Each structure stands twice: as C-alpha cells, then as structure tokens.
Amino acid sequence: MRFAIFGDIHSNLEALHAVLSDAEAHHCTHYICLGDIVGYNANPKECLDIVRALDCPVVKGNHDELACMDFNPHNVSPLANEGIDFTRARLTEDDLAWLASLKFVRQVRDFTIVHATLDTPHKWGYVLNQLDAGASFSYQHTQLCFFGHTHVPRAYIRDHHVHTMDSWENILIEAGRKYFLNIGSTGQPRDGDWRASYAIYHVEEQYVQLRRVEYDIATAQQKILDAGLPPRLASRLADGR
Ligand code: ZN
C-alpha cells in the first residue's frame, strides 16, 4: 500500500497533473490531499474537480475556507486576496459547499493529516521551528502526521527533543519517535525549488519519500497572465518563492 500525499495545489493544474502521473508511475494505490486546493493560480475549478474525483481523504486549507466566505477578511495578504474573487467566480455552489464541509484534521489508518497545525488547526498558524512543532506534537496522537501550509518541505521528529530536518528525501519511521512531516507544495513551492513537491508513504516498508516533479511551468504562468491575475503570481512560480 502506497499513499500519495499532496497539498497546496493552489489551482495549478499543470503541477497537479505532474504529481498525479508521478504518483501513478510510482505505484501509489491511495491518495491524500492536505488542502489549499484553490487560490493564487488560474485553474481552481479544474483542480477541484480532479481532487473530488479522486474521492480521497481531504482536509481544509485556509484558501479553501477563504473561497467559501462571502466577504474578504482584512488579514489576508493582498496577493492572496486578489485571487479570491477569481476563484469564487469559477466554483459552483456545490463546489463551495463541498469545500465548506471539509474537516480541519483527520485520521487515516494509523496517521493524521492537517493543513496547518494540530494545536489550533482552524487558526492557520505556521509551523516554522521546533517550538511551533512542539506545540503541535502535544496534540499528535499518532506516530505520523502530515501537514502543509508553509509550502516548505521540512521534517520535525520528536524523541527526547524535537529535531528539525530542513530538507528531507527519505525518512524511515522508527519506534519511539513521532514524525510531523511537511510535504511541501504541489502548486506554489517556496523553498527555492520550483518543482512540484509531494510525498509517498510506503506503508509496509514504513518509510516516507519526498518527491520533486518537474511540470509545464510556462503554461501555468501564461494562464495566470491571460486570466489577468497579478504577474507576480506567475514569476514566483519560477523562483520557487
Ligand atoms: Zn497554501
């Protein structure tokens, strides 16, 4: 059994296609989505349709929540805000109801999934260091938890202390330790690497593999410009920021 775990797709259809075909090539049998399906990029409806068709466990992201609101909160960054109306206009009432129904935290088999953090999942805090990870670990009742939100793949491992791995490729799940693994972003990576990021959890072998996948970034960028979205949303894809 192999889970493909992906999130922070942010309406980037080309990146989502690339991740799903890489997952298929690596014989993934199950899918998990960590939220932020929409926002920022040009294909919210197409990405949402694909995720819904996968019929897999999904948790809610802050951009999914934003799309369902009937006002624009003042505490959202201007770049994120610009895309909200664009996104809402492309989703059906049924899509919005589906997004609104998503849970913040779910347990799947023996692991947990959350978009942002387990201590206050609905507040969308960012786990950026050992202290933040420590707060989340207090609420982690499974050995393994996957999260996203920062768009930076980083691993936090707790035994007597909390250890950080600023970049990771393969992690073996060992007894006596807990794992809080950020799988990076499919559609808008921010760790300086433009390639789409996701993880494969090999259940029998008890290891997790981070994958980086090239995608048709030129098409994704052109669609952003053609849609009249801020050009910065296109350029940042190439920067991986
Ligand atoms: Zn996000």
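The site of the zinc ion in this predicted model is irregular, with angles of 85 to 177 degrees among its 4 donor atoms. Coordination comes from Asp 8 (OD), His 10 (NE2), Asp 36 (OD) and His 151 (NE2), at 2.0 to 2.3 Å. Along the chain, these donors follow the spacing D-x1-H-x25-D-x114-H. His 10 belongs to the loop between β1 and α1, and Asp 36 to the loop between β2 (30-33) and α2 (44-54), so the pair ties together parts that are 26 residues apart in sequence. His 10 counts as buried because its relative accessibility is 0%; Asp 36 is buried as well, with a relative accessible area of 1%.

The loop between β1 (2-6) and α1 also holds Ser 11. With a relative accessibility of 1%, Ser 11 counts as buried. Leaving aside residues up to four places away in sequence, Ser 11 touches Ile 37, Val 38, Gly 39, Asn 41, Ala 42, Asn 43, Pro 44 and Cys 47.

**Nonpolar cores**

The largest nonpolar core has 44 residues, and those with the most contacts inside it are Phe 6, Ile 9, Cys 33, Ile 37, Val 51, Tyr 198 and Tyr 215. Helix α1 (residues 13-25) gives the most to this core, contributing 7 residues. Apart from it lies another core, of 23 residues, including Val 108, Phe 111, Phe 146 and Ala 199. Ile 37 has contacts with Ile 9, His 10, Ser 11, Cys 47, Leu 48, Val 51, Val 58, Asp 64, Trp 98 and Leu 99, again not counting residues up to four places away in sequence. Among the residues that Ile 37 touches is thus the zinc donor His 10.

**The two open sheets**

An open sheet of 5 strands has the order β2-β1-β10-β11-β8, with mixed pairing. Its edge strands, β2 and β8 (170-172), each pair on one side only. From one strand to the next, the twist averages 20 degrees. Helix α1 packs on this sheet, touching β1, β2, β10 (196-202) and β11 (207-213), and its direction makes about 25 degrees with that of β10.

The other open sheet has 6 strands in the order β3-β4-β5-β9-β6-β7, and its pairing is mixed. β3 (105-108) and β7 (162-165) stand at the edges with a single partner strand each, so one side of each is left without a neighbour in the sheet. The twist here averages 20 degrees from one strand to the next. Helix α6 (residues 130-137) packs on the sheet, where it touches β6, β7 and β9 (178-182); the direction of α6 makes about 125 degrees with that of β7.

Three strand pairs from these sheets are listed below, each with one pair of facing residues.

| Strand pair | Bridges and direction | Facing residues |
|---|---|---|
| β1 and β2 | 4 bridges, parallel | Ile 5 and Ile 32 |
| β3 and β4 (111-114) | 4 bridges, antiparallel | Val 108 and Phe 111 |
| β6 (155-158) and β7 | 4 bridges, antiparallel | Tyr 156 and Thr 164 |

β3 and β4 form a hairpin with 2 residues between them, and Arg 109 in the turn has a positive phi of about 50 degrees. Val 108 and Phe 111, which stand opposite each other in this pair, both belong to the core of 23 residues.

Key. Residues numbered from 1 in each chain as written. Predicted model: local features only at pLDDT ≥ 70, side-chain atom pairs only at ≥ 80, totals over all residues. Heavy atoms only, no water. Core = buried A, V, L, I, M, F, W, Y, C linked by side-chain atoms within 4.5 Å. Buried < 20%, exposed > 50% of the residue type's maximum accessible area, 1.4 Å probe, protein only. Contact = heavy atoms within 4.5 Å. Donors = N, O, S within 2.8 Å, 3.2 Å for Na, K, Ca; no water. Tetrahedral: all angles 85-135°; square planar, octahedral: opposite > 155°, others 65-115°. Pairing = 2+ DSSP bridges. Axes fitted to C-alpha atoms, helices over the stretch in contact; angles between N-to-C directions.
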